[in-house]
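Thanks for coming, everyone. Please have the sequence and the 3D view open, and follow along as I go.

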Amino acid sequence: MATLPMMQDEIPAADPRPAAGITGRFPPGPRSVWASVPDSQWNDWHWQQRERITRVDQLEKVIRLTDDERQAAVETEKDFHMGITPYYAALMDPDDPRCPVRLQSVPTMGETIVAAADLEDPLGEDRDMPVPGITHRYPDRVLFYVTHNCPVYCRHCTRKRKVADPSSAAARKQVEDGLDYIALHPEIRDVVISGGDPLSLSDDRLDHILGRLRAIPHVEIFRLGTRNLVTLPQRVTDDFVHMLRRHQPVYVNTHFNHPKECTAEAFEAARRLADAGCSLGNQMVLLKGVNDDPRTVMELNHKLLLMRIRPYYIYQCDLAKGISHFRTTVEAGRRIIRSLRGFTSGLAVPHFVVDAPDGGGKIPVNPDYVIRHEGKKWVFRNFQGKDYTYFEP
Ligand SMILES: *Cc1c(COP(=O)(O)O)cnc(C)c1O
Ligand code: SF4
């Protein structure tokens, strides 16, 4: 008698590697002042966390600070800490204060300006909060905050009011209350796990949270919202993705803002997640001087697709306090979409949205492709600016 074939759900011993021609476009991040640090430490995320730059005297050893940056590092300290992993700091141009990585992580005096339109809670997240740690705004999905820590504190962060403030850290009890809320609400089929950065938690802690969510029959999917692929890609270890495999389907939404962030390390983190079966999306924030130009976004989105990350959203910079120096016009975002649609793969064209103040939610803002509409006659304009008429039956 023939023996039964082996079960085929084993994880293959070796994941297939992408072609060298593809990985060759993703250079390893530089090491800067950490050139003599052994690989074993550099690639250890605990080391990267421990060695974070939090003070101006540490930062000064890595980049040539401007007077504005030096003053801002001191003056913004009480409102929003500085925190930069060695990996992300090494990506900064030591001489150019307009470097996109630097603009996103080094404080500037622009943060001390409070514009008339600024809001403490720009998206009304605390208002739509049935229990602490859950924002329930849309009918079938919730935002679930599980930590308030991040490896790098982004200067444009929308949750400045909470992030980096240890007194607001989501306590275990709060996470358990959040899980109970989700379990009690059968309409919730999608949970966006956010923070802070959920990957700041240990694998065991995340395993527990994901396990609890998977045990709730009405929860179909969850998404991890994380910037670790950008700021601490070493966090995506084999053990971590092995843990995620047990909770599939898992969606991961990341936050790349500039092609410079697409390094070999980031590529490897995305590869591990994708090979573990995760579906990856990117949420870019439109930031003045960082990525408010169509060519930069085109290059970023092409790199993301090579990393198997689908560009999902471009956000108009919101009205969080002290980030007015990052805001562009709304038209800048529409111009970017106009320069992508038709000119490149549809896969590289995300949705441009304004997350409306006061809890209005995400509102898509598209270029105008409908020119006229009279009765059954529609006049559309294509990407090249040519008009076409369509008649409804
Ligand atoms: C962004 C957001 C979501 C998820 O929105 P999608 O459009 O489904 O990605 C859910 N809840 C809140 C409060 C949000 O801000
Ligand atoms: S990773 Fe996200 S939550 Fe953390 S500081 Fe950056 S934008 Fe804010």
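**A walk through the strands**

Let's start with strand β7, residues 309–315. Five of its seven residues are buried, so β7 is mostly covered. Keep in mind that this is a predicted model.

Who are the partners of β7? Take strand β6 first, residues 279–285. β6 and β7 run parallel, and six bridges join them. One pair to find on your screen is Leu280 with its bridge partner in β7, Ile309. How does the chain get from β6 to β7? The chain goes through helix α13, residues 294–306, and this β-α-β crossover is right-handed.

Then there is strand β8, residues 351–356. β7 pairs with β8 over three bridges, again in the parallel sense. Look for Ile314: standing opposite, in β8, is Phe352.

Now move to strand β4, residues 221–225. Is β4 enclosed or open? Five of the five residues of β4 are buried, so this strand is largely enclosed by the rest of the structure. Look at which way the residues point. Ile221, Arg223 and Gly225 go one way, Phe222 and Leu224 go the other, and all are buried. Notice that an arginine is on that buried list: Arg223.

β4 has β3 as a partner. β3 and β4 pair in the parallel sense, with four bridges. Val192 has Arg223 in β4 as its bridge partner. To get from β3 to β4, the chain crosses through α9, and this β-α-β crossover is right-handed. Here is another pair across these strands: Ile193 is partnered by Leu224 in β4.

β4 also pairs with β5. Those two strands are parallel and share four bridges. Try finding Gly225, whose bridge partner in β5 is Asn253.

Let's stay with β3 for a moment. Five of its five residues are buried, so β3 is mostly covered. What covers which face? On one side we have Asp190, Val192 and Ser194, on the other Val191 and Ile193, and both faces of β3 are covered. β3 pairs with β2 too, in the parallel sense, over five bridges. There, Leu143 has Val192 in β3 as its bridge partner. So Val192 comes up twice: with Leu143, and with Arg223.

**The ligand**

Next, ligand 2. Where does ligand 2 sit? In the largest pocket. Which residues surround this ligand? They are Cys150, Val152, Tyr153, Cys154, Cys157, Val163, Gly196, Arg227 and His255. Sort that shell by type, and you get six nonpolar residues, two polar and one charged.

**A buried arginine**

Now find Arg159. This residue is in the loop between β2, residues 141–145, and α8, residues 172–184. Is Arg159 buried or exposed? The relative accessible area of Arg159 is 10%, and the cut-off for buried is under 20%, so Arg159 counts as buried. Next, compare positions with Lys321. Along the chain, Arg159 and Lys321 are 162 residues apart, yet their C-alpha atoms are separated by 9.6 Å.

**Backbone oddities**

Last topic: the backbone. Most peptide bonds are trans, and most residues other than glycine have a negative phi. Here are some exceptions to look at.

From Gly195 to Gly196, the peptide bond is cis, with omega near 20°. Gly196 lies in the loop between β3, residues 190–194, and α9, residues 203–214. You have met Gly196 already, as one of the residues around ligand 2.

From Gln248 to Pro249, the peptide bond is also cis, and here omega is near 0°. Where is Pro249? In the loop between α11, residues 238–245, and β5, residues 250–254.

Now phi. Ser32 is not a glycine, but its phi is positive, about 50°. Ser32 belongs to the loop between α1, residues 20–23, and α2, residues 39–42. Its relative accessibility is 35%, so Ser32 counts as partly exposed.

Asp358 is not a glycine either, and its phi is positive, about 60°. Asp358 is in the loop between β8 and β9, residues 361–364. How exposed is Asp358? Relative accessibility is 53%, and exposed means over 50%, so Asp358 counts as exposed.

That's the tour. Over to you for questions.

Technical notes. Residues numbered from 1 in each chain as written. Chains lettered and ligands numbered in written order. Predicted model: local features only at pLDDT ≥ 70, side-chain atom pairs only at ≥ 80, totals over all residues. Heavy atoms only, no water. Near = heavy atom within 4 Å. 1 Å grid on protein atoms, 1.4 Å probe; cavity = no way out; pocket = protein on both sides within 12 Å on 5 of 7 lines; lining within 4 Å. Sits in = over half its atoms within 2 Å of the grid points. Nonpolar A, V, L, I, M, F, W, Y, C, P; charged D, E, K, R; others polar. Buried < 20%, exposed > 50% of the residue type's maximum accessible area, 1.4 Å probe, protein only. Pairing = 2+ DSSP bridges. Right-handed = clockwise from strand over helix to strand, strands pointing away.
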